[in-house]
Amino acid sequence: MHSIESIPENEYFKAEAHLYRYIYSHINGTVLKCAVQLDIPDIIHNHGQPITIPQLISKLEVHPTKTACVERLVRFLVHNGFLLETKVINEEEEENEAYTLTPPSKLLVKGMEPNLAPMVGLVETGFMAALDFLGSWFKGNNKTIAEIAFGVGMWEMLEHDPLRLKSFNEAMASDSQMITMVLKDFKSIFKGLESIVDVGGGTGTTCRIICEAYPNLKCIVFDLSQFDYILSFVGGSMFESIPFADVVLLKWILHNWDDESSMKILNNCKEAITKKGKGGKVIIIDAVIKEKEDDDGMTQVKLLFDISMMSTLNGKERTEKEWKKLLEAAGFKHYKITPLFGFRSIIEAYP
Ligand SMILES: C[S@@+](CC[C@H](N)C(=O)[O-])C[C@H]1O[C@@H](n2cnc3c(N)ncnc32)[C@H](O)[C@@H]1O
């Protein structure tokens, strides 16, 4: 056996640790899911002050043989930024370590808005486990990973699996709470509009929040399957036609589709907004990959989503150049990108 000369000797073990970080990285998601299953964010939130390990153990429903492991779980959560270690003084005037939530774990407290706990529920369910097929997906034909793993495409699979559909929709609705927190305050986007159709609007959470913020705006949710809506719902496929409105909202839609399918969707959007006579617009909420400008964490999220979209749905996250090309090809003459929410932007496109 030859040793790899191009790696300086002092780099070998750094390289090894780098590899192991990635090999074991799926544990990050599973630990987070476990913390939510054990209600750790809720317990600490309801405690109302920094919680010590014995206090946490007394509230957790863990088996007595596992109590010693709680401390290790907490150490992991502290190291990864989900808990913050602080000190408290007890009645005997002794100083003890205690723990509080951090901004990411505050987003996991149930019953609060926004609450991303349902998104954590997607970890290691069929959705992510399907990515095990990534290697064979590269070697195989045009099938998506969803088709390899489930035998049918993602949306068809969800249609026939009520439990998965429920957890997927809850996850999407939790994301909508995040996005609309900012969107509803972005008054210039909705100024002068009478109607909006949320294409692929799922359970209507986005539309509901927009409607509450802009009561004069008529909101329609358009999706494949009907849910229990308060709002007006139109069922159908965006590949056929889209209800007319001043604005079409595409939140987390185009990244699900390749350029060819996205062109068809955008063409139908264009018809929907121009048939009303006035020149409307399409509001796209999706990521814009900007490796040179974004920090490492932000790019990492976008690239993880890109691999997930590429394989699960034949979709993609796009750079600004790719968005421009797609929008121009679909007949949109102007567009404006406003980076708004962390890893996503609003793209307003005008025909
Ligand atoms: C990633 S989810 C986004 C849901 C929602 N916009 C959100 O951000 O919370 C994609 C949505 O597109 C819908 N969808 C998929 N194919 C569709 C089609 N052909 N016509 C209309 N909606 C479709 C799905 O049912 C799903 O609700």
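Is K281 buried or exposed, and at what relative accessibility? In this predicted model, K281 counts as buried, at 8% relative accessibility. The residue is one half of a salt bridge, and the way to it leads through the overall layout of the chain, its two domains and the ion pairs that join remote segments.

The protein chain contains 17 helices and eleven strands. Along its principal axes, the C-alpha trace spans about 75 × 60 × 40 Å. Of its 351 residues, 41% count as buried. Among contacts with a sequence separation of 6 or more, 60% are accounted for by residues 24 or more positions apart.

The domain assignment divides the chain into domain 1, covering residues 9–106, and domain 2, covering residues 117–350. Their centres, taken over C-alpha atoms, are separated by 34 Å. Seven residues of domain 1 are in contact with seven residues of domain 2. Between the two domains an area of about 490 Å² is buried, and carbon and sulfur atoms give 72% of that area. On the domain 1 side, T30, K33 and V36 supply 65% of the area buried against domain 2, more than any other three residues.

The polar side of this interface can be described through its counts. There are zero salt bridges between domain 1 and domain 2, and the count of residue pairs in polar contact, with both residues at pLDDT 80 or more, is likewise zero. Helix α2, residues 26–37, gives the most to the side of domain 1 that touches domain 2, with six residues. By class, that side of domain 1 has three nonpolar, three polar and one charged residues.

Within domain 1, V74 offers a view of the interior. This residue lies in helix α5, residues 67–79. V74 is buried, with a relative accessible area of 1%. Leaving aside neighbours within four places in sequence, V74 is in contact with I53, L56, L83 and Y99. The C-alpha atoms of V74 and L84 are separated by 9.6 Å, the two residues being ten apart along the chain.

L83 and L84 also appear in the surroundings of T102, a residue in the loop between β2 (95–101) and α6 (103–106). T102 is buried, with a relative accessible area of 8%. The side chain of T102 reaches the backbone oxygen of G81 at 2.7 Å. Not counting residues up to four places away in sequence, T102 touches G81, F82, L83 and L84.

The ion pairs come next. Side chains of opposite charge can pair when their charged atoms come close. A search of the whole structure finds 14 salt bridges. One of them is formed by the side chains of D175 and R344, at 2.5 Å from N to O. D175 lies in helix α12, residues 162–183, and R344 lies in strand β11, residues 344–350, so this pair ties together parts that are 169 residues apart in sequence. Both partners fall under the 20% cut-off for burial: D175 has a relative accessible area of 3%, and R344 stands at 4%.

Strand β11 also takes part in the salt bridge of K281. There, E348 pairs with K281, the closest N and O atoms being 2.8 Å apart. E348 is in strand β11 and K281 in strand β7, residues 281–286, and the pair links parts of the chain that are 67 residues apart. E348 is buried, with a relative accessible area of 4%, and K281 also counts as buried, at 8%.

How does the burial of the two partners compare in the salt bridge between D259 and R318? D259 counts as partly exposed, at 34% relative accessibility, whereas R318 counts as buried, at 0%. Their side chains meet at 2.9 Å, N to O. This pair, too, links distant parts of the chain, with D259 in helix α15 (residues 259–274) and R318 in strand β9 (residues 318–319), 59 residues apart. D259 and R318 also belong to a network that includes K316 and E322, joined through salt bridges that share partners.

Definitions and conventions. Residues numbered from 1 in each chain as written. Predicted model: local features only at pLDDT ≥ 70, side-chain atom pairs only at ≥ 80, totals over all residues. Heavy atoms only, no water. Domains from an automatic or database assignment. Contact = heavy atoms within 4.5 Å. Buried area = accessible area lost by both parts, 1.4 Å probe. Salt bridge = Lys/Arg side-chain N within 4 Å of Asp/Glu carboxyl O. Polar contact = N/O pair within 3.5 Å; in protein donor to acceptor, adjacent residues only side chain to side chain. Helix = DSSP H or I, 4+ residues; strand = E, 2+ residues; numbered from the N terminus. Nonpolar A, V, L, I, M, F, W, Y, C, P; charged D, E, K, R; others polar. Buried < 20%, exposed > 50% of the residue type's maximum accessible area, 1.4 Å probe, protein only.
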